Amino acid sequence: AGGNLLRRTFLGVGIGAAWGLVARSAKAGTGMAVRPPGAANEDQFTALCIRCGSCIRCCPPQILHHDVLGHGIAGLLTPVASFDSGYCRENCNRCTEVCPSGAISRMTITEKRRVVMGAVRIDVETCALATGGECTACITQCPYEALSIGQSSDGFPSQPQLDADRCTGCGACEAVCPVRPTRAIRVFAPPGGSQGRLPV
């Protein structure tokens, strides 16, 4: 049984690397994906990931899903994060513990809390608070206290304000935003496809 597992892992690593190299020039999706915390930069990630699904299966809030050509051929079946109904919990690092290929780095909870998974963007044109409503869902739900009520151009406190030095892109804000069909606050892949770290 051990030999079979070793052969499958070796084959998977080989297939993942080959797929990443062959498909790298054919990225024709809708931009880069938000990856699990600790993911290698985009080019390395698509080459290293063996599409085993271990991170997806172990994710408690079930925010990780297999990519089905949403971000180009190179990312096919790799894990992507979406925040429709949950977020990357600040007290969880399970995906970083199960990756067998090195596509996701192992890290402690403390280290994981400093990883910037993505970049948050606020659409003040559709934000309920910015358009006169009383919504503060994203502000009250942010586990890193990265959102507050800021001033609009007329000087009144009437829209969410992001402190990028505190934001990890965990998706808690997007998960609770009541605006539909497109949420007013969303998480996108980090610039350049490489995850950063919060200041100490």
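Colleague: Why is D67 said to have no salt bridge?

Modeller: In this predicted model, the nearest side chain of opposite charge to D67 is R35, 4.9 Å away. Arg and Lys count as positive, Asp and Glu as negative. A salt bridge needs a side-chain nitrogen of Lys or Arg within 4 Å of a carboxyl oxygen of Asp or Glu, so the pair does not qualify.

Colleague: What makes D67 buried?

Modeller: Buried means under 20% relative accessible area, with a 1.4 Å probe and protein chains only, and D67 falls in that class. Buried residues make up 44% of the 200 residues in the protein chain.

Colleague: What does the side chain of D67 reach?

Modeller: The D67 side chain reaches the backbone nitrogen of G70 at 2.9 Å.

Colleague: Which residues does D67 touch, leaving out those up to four places away in sequence?

Modeller: G75, L76, L77, T78 and V80; contact means heavy atoms within 4.5 Å.

Colleague: Where is D67 found?

Modeller: D67 lies in the loop between β1 (64–66) and β2 (79–81). Strands are DSSP runs of E with at least two residues, and helices are runs of H or I with at least four, numbered from the N terminus. The protein chain has 7 helices and 8 strands. L69 is also placed in the loop between β1 and β2.

Colleague: How do you know which residues and atoms to use?

Modeller: Residues are numbered from 1 along each chain as its sequence is written. Local features need pLDDT of at least 70, side-chain atom pairs count only at pLDDT 80 or more, totals for chains, interfaces and linings use all residues, and side-chain values use heavy atoms, without hydrogens and water.

Note on methods: Buried means under 20% relative accessible area, exposed over 50%, partly exposed in between (1.4 Å probe, protein chains only). A polar contact is a pair of N or O atoms within 3.5 Å; within protein, one must be able to donate a hydrogen and the other to accept it, and residues adjacent in sequence count only if both atoms are side-chain atoms.
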